[in-house]
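User: Hi! I'm new to reading protein structures and could use some company. Can we walk through this one together?

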Amino acid sequence: MKNLTFFLASLILCFSIAHSQVPNVPIPLTVGPTPTYVNGYFSFTHNDYRLIVTTLGIDQNFNGQEDSGDVKPALYFISINDVMNGDFSGKVLKELDFASLPFPTRIYIDNIGNNAYVPNKQKIDKILLETGDIIASFNPFQNVQIPNDAYITSVNYANGYIFISVRGADGTFNQFYIIKENTNEMVFETATEPNPQQSLIAGNYLFILCEGVFGSNNSKLMVYRIKDFDQWEIEFVNTLELGDTGNHLALAGSDKLIVTMNGSHQIHIINIPDLTIEKTIATPTSGYDGPRESGIVAGNTIVTTAYDGNLHMFDFNGKNLGKIIVGDKLEGIFTYTFPNPNMNFNIVAATSPFEKNYSANDKVYLFVNFSDVEESNINTLNIYPNPASEFIALSFESDFQYPINISIIDNFGRVVAEYNFNLAGKDISIPAKDLPVGSYVARIVANGKILNLPFVIVR
């Protein structure tokens, strides 16, 4: 653990210096099209902390066949060492079979063994994270009949066993399986509520989240008690009614489970010991722009992605701590808090599979020194053109009548240009021809509110 401790201490020092004056500045990182899932692990081989991102690629005509212009799904890695040195592009770890991953697909990252368990249609590939090599493949359904159109939605892993959620394309086939990794033996199977989404083990409980049907209040959390981990003696305990479209499960410590509800625009905090919903938080989203995934920062802040383009923040009492505006639709989330109570250092990474108009995006937004500082939309502000070359323009929805400070911040957190305006109007133009090619953030402060807008300079 010595290398990991030294690396994280160095990371904290570098990012603390670079970003001490500009918390929550999103660093846009480029990967393949339609990134969804993101996780992280420490590579002892490279003395590097790495993010692993699942990209679903592009099937332009949705026919399930690879045609000209389509893009295969892939696993990308993002090196924090590279980011610190100014490289903001992810690298392909492993190109996957075309149309092998449904949306959103949650793979499993083994942070200790440095392996990924990745669905491949109706089988599972075990991929070595250091090389991208497939070191094993599992066919969990060799002795089970499942529909040809059924697909794996998520994979989990514990103690040598793989946990698999499966659904059929027409919604009539909904199953959950546990198989033993080294023998491919199926040790448990059960029918589930409609559309199993994700599974998670906490203590001696197995939780299976079933999203139900969007627009219907039929999402459920199935709870099983694991009586014997060696023999996999499991008994059904209860089913919790959740609301509309449960999308994501996350652990908060050892006694709480966070359930993100996309359709009913809620976050449930579940007390694991007594299996009750102890708090329900209403998110400030609506329609199809609902919350997607949640993570925990510093043990006391819930950070939630949403299709409204914001990272939303809440405490465990249900208080809305504000939001950070990114702009693009946000899906997967990864959070990391440095395990030292005397050092306040957090990493948050959020994937963006779609732009505002649902065209395919290729971005992961990285935040370092993440805090619960609220940022506001300042009267609905847009930035264009983006990418830019000679200038960038800021456009307000209506006349703005407050003094405005605008800082242009590079990816090292340095303020490279600053402007102050005292005006009432709708449009501001800022020269950009002297900015080197790269990614930047326009940080706007006005009327006690803050907004960070990422943009790119190209030539």
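User: Which residues does Thr-105 touch, not counting residues up to four places away in sequence?

Analyst: Happy to help! Keep in mind that this is a predicted model. Leaving out residues up to four places away in sequence, Thr-105 touches Thr-36, Tyr-37, Pro-119 and Thr-153.

User: Okay, and where is Thr-105 found?

Analyst: Look in the loop between strand 5, residues 91-95, and strand 6, residues 108-110.

User: Is Thr-105 buried or exposed?

Analyst: Buried. Its relative accessibility is 2%, and the cut-off for buried is under 20%, so Thr-105 counts as buried.

User: What does the side chain of Thr-105 reach?

Analyst: The side chain of Thr-105 reaches the backbone oxygen of Pro-102, at 2.3 Å.

User: What about the peptide bond from Phe-103 to Pro-104, is it cis or trans?

Analyst: That peptide bond is cis, and omega is near 0 degrees. Pro-104 is found in the loop between strand 5 and strand 6.

User: Let's try Ala-99. Where is its place?

Analyst: Ala-99 also has its place in the loop between strand 5 and strand 6. With 39% relative accessibility, Ala-99 counts as partly exposed.

User: And what does Ala-99 touch?

Analyst: Not counting residues up to four places away in sequence, Ala-99 touches Gly-64, Pro-73 and Lys-121. Another pair to look at is Ala-99 and Lys-72: they are 27 residues apart along the chain, and their C-alpha atoms are separated by 7.0 Å.

User: Strand 6 came up a few times. What is the order of the sheet with strand 6?

Analyst: Strand 6 belongs to an open sheet of 4 strands in the order 6-7-8-9, with antiparallel pairing. The edge strands are strand 6 and strand 9 (134-138), and each of these pairs on one side only. On average, neighbouring strands of this sheet are turned by 20 degrees against each other, direction ignored.

User: How many bridges join strand 7 to strand 8?

Analyst: There are 6 bridges between strand 7, residues 115-120, and strand 8, residues 123-128, and the two run antiparallel. To spot one pairing, find Ala-116: its bridge partner in strand 8 is Ile-127.

User: Where do the side chains go in a strand?

Analyst: In a regular strand, they alternate between the two faces of the sheet.

User: New topic: which strands stand at the edges of the sheet with the order 1-28-27-26?

Analyst: That one is an open sheet of 4 strands with antiparallel pairing. Strand 1 (27-30) and strand 26 (333-337) stand at the edges; each has a single partner strand, so one side of each is left without a neighbour in the sheet. The twist averages 20 degrees from one strand to the next.

User: How do strand 27 and strand 28 pair?

Analyst: Strand 27, residues 346-354, and strand 28, residues 360-368, pair in the antiparallel sense over 7 bridges. Phe-354 stands opposite Ala-360 in strand 28.

User: What is special about phi of Tyr-358?

Analyst: Phi of Tyr-358 is near 70 degrees, which is a positive value in a residue other than glycine. Tyr-358 is found in the loop between strand 27 and strand 28, and at 41% relative accessibility it counts as partly exposed.

User: What about phi of Asn-195?

Analyst: Asn-195 is another residue other than glycine with a positive phi, near 60 degrees. You can find Asn-195 in the loop between strand 13 (186-191) and strand 14 (196-202). Asn-195 is buried, with a relative accessible area of 14%.

User: One last residue: what is the nearest side chain of opposite charge to Asp-315?

Analyst: For Asp-315 that is Lys-319, 5.7 Å away. A salt bridge has to be within 4 Å, and Asp-315 has none although it is buried.

User: So which backbone atom lies 2.8 Å from a polar atom of the side chain of Asp-315?

Analyst: The backbone nitrogen of Lys-319. Asp-315 itself sits in strand 24, residues 310-315. Not counting residues up to four places away in sequence, Asp-315 touches Ile-281, Asn-300, Ile-302 and Leu-321.

User: Great, thanks for the tour!

Definitions and conventions:
Residues numbered from 1 in each chain as written. Predicted model: local features only at pLDDT ≥ 70, side-chain atom pairs only at ≥ 80, totals over all residues. Heavy atoms only, no water. Buried < 20%, exposed > 50% of the residue type's maximum accessible area, 1.4 Å probe, protein only. Polar contact = N/O pair within 3.5 Å; in protein donor to acceptor, adjacent residues only side chain to side chain. Contact = heavy atoms within 4.5 Å. Pairing = 2+ DSSP bridges. Axes fitted to C-alpha atoms, helices over the stretch in contact; angles between N-to-C directions. Lys, Arg positive; Asp, Glu negative; His and termini not counted.
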